[in-house]
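Got your viewer open and a fresh selection tool at hand? Let's take a walk through this one, stop by stop.

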Amino acid sequence: MAYSGECFCGTVKIEASGEPQGMGYCHCRSCRSWSGGPVNAFTLWAPEAVKVSAGADSLATHQQSELSQRQDCAKCGGHLMTNHPTLGVVDVFAATLPGLDFNPGVHINYAETVLPIKDGLPKFRDFPKDFGGSGETLAE
């Protein structure tokens, strides 16, 4: 299966192939600020599953931290994805892939939430242990 997406103006196009390794919501301040919303819907992919199919020369990268390399279109500012090299995944924002059936399984960084969500999904204080977090979950 392949999913296509693009920035706001359509200059940068990406493809994600196969299936995501995970999907969910991030509530951290950084993701909220970057996404412009109270929560960021993410899809995690193996780096080799995500390709820039057009407009690579307009892909801008902002090194947020060792954990995050945020990428957007230099022409329109449309957000596309975040590389997480230390975690070995690429977060392609769920809104970037309109053909993907978004099926979230987890909330991360829920201790920072500004929009409590009662959906029965696990809510990690920070990250699951296998992603370097505490593995601690919080109540809805």
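Start with a cartoon view of the whole chain: it has one helix and 10 strands. Keep in mind that you're looking at a predicted model. Trace the chain along its sequence and you'll pass through β-β-β-α-β-β-β-β-β-β-β. Zoom out for the overall size: the C-alpha atoms fill a box of roughly 45 × 30 × 25 Å along the principal axes. The radius of gyration is 15 Å, which agrees with the value near 14 Å that a compact globule of 140 residues would have. Buried residues account for 44% of the 140 in the chain. As for contacts between residues at least 6 apart in sequence, 49% of them join residues at least 24 apart.

**Stop one: a three-stranded sheet**

Select residues 2-6, 13-17 and 50-54, which are β1, β2 and β5. Together they make an open sheet in the order β1-β2-β5, with antiparallel pairing. The edges are β1 and β5, each of which pairs on one side only. Look down the sheet to see the twist, which averages 30 degrees from one strand to the next.

Now zoom in on β1 and β2, where five bridges join the antiparallel strands. Which residue of β2 is the bridge partner of Ser-4? Click on Glu-15 and you have it.

**Stop two: strand β9 and its partners**

Next, select residues 89-93, which is β9. This strand is mostly covered, with five of its five residues buried. Show the side chains and compare directions: Val-89, Asp-91 and Phe-93 point one way, while Val-90 and Val-92 point the other.

Add β4 (residues 40-45), which pairs with β9 in the antiparallel sense over four bridges. Here you'll find Thr-43 standing opposite Val-92. Then bring in β8 (79-84), an antiparallel partner joined to β9 by four bridges. On that side, Thr-82 stands opposite Asp-91. Follow the turn of the β8 and β9 hairpin, with four residues between the strands, and stop at Gly-88, whose phi is positive, near 75 degrees.

**Stop three: the nonpolar cores**

Switch to side chains as spheres. The largest nonpolar core holds 17 residues, and those with the most contacts inside it are Trp-45, Val-50, Met-81, Val-92 and Leu-97. The elements giving two or more residues to this core are β2, β8 and β9.

Pick Leu-97 and show what surrounds it. Setting aside residues up to four places away in sequence, Leu-97 touches Tyr-3, Ser-4, Gly-5, Ile-14, Ala-16, Thr-43, Trp-45 and Val-92. There's also a second, separate core of 10 residues, which includes Cys-31, Val-106, Ile-108 and Phe-124.

**Stop four: Ala-94**

Move to the loop between β9 and β10 and select Ala-94. Is it buried or exposed? Ala-94 is buried, at 15% relative accessible area. Beyond its neighbours within four places in sequence, Ala-94 is in contact with Ala-41, Thr-43 and Phe-102. Try the distance tool here: Ala-94 and Ala-74 are 20 residues apart in sequence and 20 Å apart in space, C-alpha to C-alpha.

**Stop five: Asn-109**

Find β10 (106-108) and step into the segment after it to reach Asn-109. This residue has a positive phi of about 55 degrees although it is not a glycine. Asn-109 counts as buried, at 8% relative accessibility. Leave out residues up to four places away in sequence, and Asn-109 touches Cys-26, His-27, Cys-28, Phe-124, Arg-125, Asp-126 and Phe-127.

**Last stop: the cysteines**

A quick reminder before you select them: a disulfide is a covalent bond between the sulfur atoms of two cysteines. How many disulfides are there here? The count is zero. Take Cys-9, where the closest cysteine sulfur, in Cys-76, is 3.7 Å away, so the two are too far apart for a bond; the cut-off is 2.5 Å. Cys-9 is partly exposed, with 43% relative accessible area.

Finish on Cys-31, which is in no disulfide either, with the sulfur of Cys-26 being the nearest at 3.7 Å. Cys-31 counts as buried, at 9% relative accessibility, and you've already met Cys-31 in the second core.

Definitions and conventions: Residues numbered from 1 in each chain as written. Predicted model: local features only at pLDDT ≥ 70, side-chain atom pairs only at ≥ 80, totals over all residues. Heavy atoms only, no water. Pairing = 2+ DSSP bridges. Axes fitted to C-alpha atoms, helices over the stretch in contact; angles between N-to-C directions. Buried < 20%, exposed > 50% of the residue type's maximum accessible area, 1.4 Å probe, protein only. Core = buried A, V, L, I, M, F, W, Y, C linked by side-chain atoms within 4.5 Å. Contact = heavy atoms within 4.5 Å. Rg over C-alpha atoms; globule rule 2.2 N^0.38 Å.
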